[in-house]
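Here is a short report for a reader meeting this structure for the first time. It covers strands, cores, pockets and a few single residues.

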Amino acid sequence: MLNRLLRSKKASRPIDSATIPEGRRVYAIGDIHGRNDLLQQLLDKIIKDDGSRGQAESEIIFLGDLVDRGPDSAGVLDTAMQLKADFSNVRFLMGNHEEVYLAATTGDEKPVRLFNRIGGRETILSYEISMKEYVGLDMAQLAQRIPTLFPQKHIDFVAGFEDQIIVGDYAFVHAGIRPGVPLAEQRQKDLRWIREEFLSAQEVHEKIIVYGHTISDDVVETGTRIGIDTGAYHSHKLTALALQGSERWYLDTAT
């Protein structure tokens, strides 16, 4: 009797009846944060997984925060750009770290200070600048150096990232959504930065929200949200959610 009740309770969760349109397969990749080595590993797993399944229109969605903290943000952007060139069904969400990355390329000293504080130092050093030159620059000088250091192709690529992607019963965002606000009316600031108000909300959302931004040891599943930021830059575990029809499964670099 208890087992039947538990199964009934689980089945009543919106997450367990969510679907994407027939004939499509989606892979959503969590926060990479400069770990190009893990991205390469995960992409290999995704390609092998996709090839082992039946015919479908497959796409990859990056949830944002490709850059900062890890050692090779420049390499991550190169890999992402090449993937986009090779496979048209690849889309990217704008994370809060991409927002600051772009702001740091304007020559303004204020966003450069924030950029350095949240992991931008490692991003800067992944480009053609020595540690000696980096430490020899004051903040104003660094603000003038960054626009000449970051390739325009990277800046243009990141500037084209999206804020929200909807596929069937799922909405993919970077950080979360403002509870009680329709998806069509969500603010960029919330989609890229929100945390506690979203994580503590109890109401059922308009779609199943797939997000990154907030680190956990493993995938987080609740009634109407799935979090897949597993702290790749320090845990070495980069995670992807896979969806087809009513099925969902996970791939990561720790297994």
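Ala-28 stands opposite Ile-61 in β2. That pair belongs to strand β1 (residues 24-29) and β2, which run parallel and are joined by six bridges. Five of the six residues of β2 are buried, so the rest of the structure largely encloses this strand. The model is a predicted one.

**Cores**

The largest nonpolar core has 46 residues. Those touching the most other members are Ile-29, Ile-60, Phe-62, Leu-66, Tyr-101, Ile-124 and Phe-150. Take Phe-62. Leaving aside neighbours within four places in sequence, Phe-62 is in contact with Ile-29, Ile-32, Leu-39, Leu-83, Val-90, Arg-91, Phe-92 and Leu-93. A second core is separate and holds 18 residues, including Val-26, Leu-63, Leu-93 and Phe-172.

Is His-154 buried or exposed? Its relative accessibility is 2%, so His-154 counts as buried, the cut-off being under 20%. The residue is found in helix α8 (residues 152-159). Not counting residues up to four places away in sequence, His-154 touches Ala-74, Leu-77, Asp-78, Met-81, Tyr-101 and Tyr-127.

**Pockets**

The table sets out two pockets.

| Pocket | Space | Nonpolar | Polar | Charged |
|---|---|---|---|---|
| Largest pocket | About 190 Å³ | seven residues | two residues | two residues |
| Second largest pocket | About 150 Å³ | four residues | five residues | two residues |

Which residues line the largest pocket? They are Tyr-27, Ile-46, Ile-47, Asp-50, Ser-58, Glu-59, Ile-60, Leu-83, Phe-87, Asn-89 and Val-90. Two elements, α2 (36-51) and β2 (57-62), give two or more residues to this lining. Ile-60 thus appears twice in this report: it lines the largest pocket, and it is among the core residues that touch the most other members.

The second largest pocket has another set of names. Pro-14, Leu-199, Ala-201, Gln-202, Glu-203, Val-204, His-205, Thr-222, Gly-223, Thr-224 and Arg-225 line it.

**An open sheet**

Five strands form an open sheet with mixed pairing. Their order is β4-β5-β6-β8-β7. Which strands stand at the edges? They are β4 (165-167) and β7 (220-221). Each has a single partner strand, so one side of each is left without a neighbour in the sheet.

Within the sheet, strand β5 (residues 170-172) and strand β6 (residues 208-211) run parallel. Three bridges join them. Tyr-170 stands opposite Ile-208 in β6.

**A hairpin**

Strand β9 (residues 239-244) and strand β10 (residues 247-252) are antiparallel, with six bridges between them. In one of these pairings, Leu-243 has Arg-248 in β10 as its bridge partner. Together β9 and β10 form a hairpin with two residues between them. In the turn, Gly-245 has a positive phi of about 55°.

Glu-247 has its place in strand β10. Its relative accessible area is 49%, so Glu-247 counts as partly exposed. How far apart are the C-alpha atoms of Glu-247 and Thr-19? They are separated by 7.4 Å, although the two residues lie 228 residues apart along the chain.

Key:
Residues are numbered from 1 along each chain as its sequence is written. This is a predicted model: local features need pLDDT of at least 70, side-chain atom pairs count only at pLDDT 80 or more; totals for chains, interfaces and linings use all residues. Side-chain values use heavy atoms; hydrogens and water are left out. On a 1 Å grid over the protein atoms alone, a cavity is a set of points where a 1.4 Å probe fits but cannot get out, and a pocket is an open set with protein on both sides within 12 Å along at least five of seven lines; lining residues have an atom within 4 Å of a point. Grid points are joined across faces, edges and corners, and a volume is the space filled by probe spheres set on the points. Helices (H or I, at least four residues) and strands (E, at least two) are DSSP runs, numbered from the N terminus. Ala, Val, Leu, Ile, Met, Phe, Trp, Tyr, Cys and Pro count as nonpolar, Asp, Glu, Lys and Arg as charged, and the others, Gly among them, as polar. Two strands pair if DSSP finds at least two bridges between them. A nonpolar core is a set of buried Ala, Val, Leu, Ile, Met, Phe, Trp, Tyr and Cys residues joined through side-chain atoms within 4.5 Å. Buried means under 20% relative accessible area, exposed over 50%, partly exposed in between (1.4 Å probe, protein chains only). Contact means heavy atoms within 4.5 Å.
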